[in-house]
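Student: I am new to this structure and would like to be guided through it by questions and answers. May we begin?

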Amino acid sequence: MDTTTAPLTLHPFTVADAERVLSGEVDPHDGWEGAYAFTDEPELLAEYLRTVQQNGDPTPFGPYLVRRGEDGPAIGGVNLFGPPGDDGAVEFAFGLVPAVRGQGLSTHTVAAVVELARSAGVVILRAEAEVPNLPARRALEGAGFSQSSRTTEAITYDLHL
């Protein structure tokens, strides 16, 4: 099930997608604006495959492609680390290709994740941003996230849904 928030769509990975990307194949349909591929984060896809084997499909949690529009090129990725813990919290991470940074798409990506988490019954949505990553921090803060902890390297943000 895709989550579309103009101008982008979160498309959940399937087992076939994860196996294909981990094997080094890039589907021409993905497009990868800016030539980025999810292969930079193989541990996320490997963990997704382990989860599917051990517990079944975790959707709506797990990895997603971020696409421009509904069927446009892939411009990044999101991972929801779920299911929720005892406190109802789910952490997520996101990243966009360098070619699309500075276009406000991080804000739309975070909004789509909030919508997806809310529809999945998540109580607290959590994300971490490196201190120097001002665009990610601004996207999280603009969506209503507040700082819950901070180290010299990173800030953890929470949003109560």
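**A guided reading of the fold**

Tutor: P60 is placed in the loop between α2 (42-55) and β3. Please bear in mind throughout that this is a predicted model.

Student: What kind of peptide bond joins T59 and P60, and what is its omega?

Tutor: P60 lies in a loop, between α2 and β3. The bond that joins T59 to P60 is a cis peptide bond, with omega of about 20°.

Student: Which residue precedes P83 across a cis peptide bond?

Tutor: P83 is found in the loop between β4 and β5. The cis bond there has an omega of about 10°, and the residue joined to P83 is G82.

Student: In what order do the strands of the sheet lie, and which are the edge strands?

Tutor: The sheet is open and has 8 strands with mixed pairing, in the order β1-β2-β3-β4-β5-β6-β8-β7. An edge strand pairs on one side only, and the two that do so are β1 (3-5) and β7.

Student: In which sense do β5 and β6 pair, parallel or antiparallel?

Tutor: One bridge between these strands has A89 and I124 as partners, the latter in β6. β5 and β6 are linked over 4 bridges, and the sense is parallel.

Student: How many residues does the hairpin between β7 and β8 pass through?

Tutor: β7 and β8 pair in the antiparallel sense over 4 bridges. R150 has I155 in β8 as its bridge partner. The hairpin that joins β7 to β8 passes through 3 residues.

Student: Where does α4 lie relative to the strands, and at what angle to β6 does it run?

Tutor: Helix α4 lies across β5, β6, β7 and β8. These strands are also among the elements that cover its buried residues, together with α3 (105-119). Relative to β6, α4 runs at about 160°.

Student: Why do the buried residues of α4 line one face of the helix?

Tutor: The buried residues of α4 (residues 134-142) are A136, R137, A139 and L140. They line one face because, seen down the axis of α4, they fall within an arc of 160°. The face turned away from that buried side carries the exposed residues P135, R138 and G142.

Student: Which residue contributes a side-chain oxygen at the start of α4?

Tutor: The backbone nitrogen of A136 has a side-chain oxygen within 3.2 Å. A136 is also one of the buried residues of α4. The oxygen belongs to N133.

Student: Which element gives the most residues to the largest nonpolar core?

Tutor: This core has 32 residues, of which L10, L80, F92, L140 and F145 touch the most other members. Elements that each supply at least two residues include β2 (8-12), β3 (62-68), β4 (74-81) and α4. The greatest contribution, 7 residues, comes from α3.

Student: How many residues are in the second, separate core?

Tutor: F13, V21, L45 and L49 are among its members. The size of this second core is 8 residues.

Student: Is T109 buried or exposed, and which residues does it touch?

Tutor: T109 has its place in helix α3. Its relative accessibility is 0%, so T109 counts as buried. Leaving aside residues up to four places away in sequence, T109 touches L8, V66, V78, F94 and L96.

Technical notes
Residues are numbered from 1 along each chain as its sequence is written. This is a predicted model: local features need pLDDT of at least 70, side-chain atom pairs count only at pLDDT 80 or more; totals for chains, interfaces and linings use all residues. Side-chain values use heavy atoms; hydrogens and water are left out. Buried means under 20% relative accessible area, exposed over 50%, partly exposed in between (1.4 Å probe, protein chains only). The arc is that of the directions from the helix axis to the C-beta atoms. Contact means heavy atoms within 4.5 Å. A polar contact is a pair of N or O atoms within 3.5 Å; within protein, one must be able to donate a hydrogen and the other to accept it, and residues adjacent in sequence count only if both atoms are side-chain atoms. Two strands pair if DSSP finds at least two bridges between them. A nonpolar core is a set of buried Ala, Val, Leu, Ile, Met, Phe, Trp, Tyr and Cys residues joined through side-chain atoms within 4.5 Å. Axes are lines fitted to C-alpha atoms, for helices over the stretch in contact, and angles run from 0 to 180 degrees between N-to-C directions.
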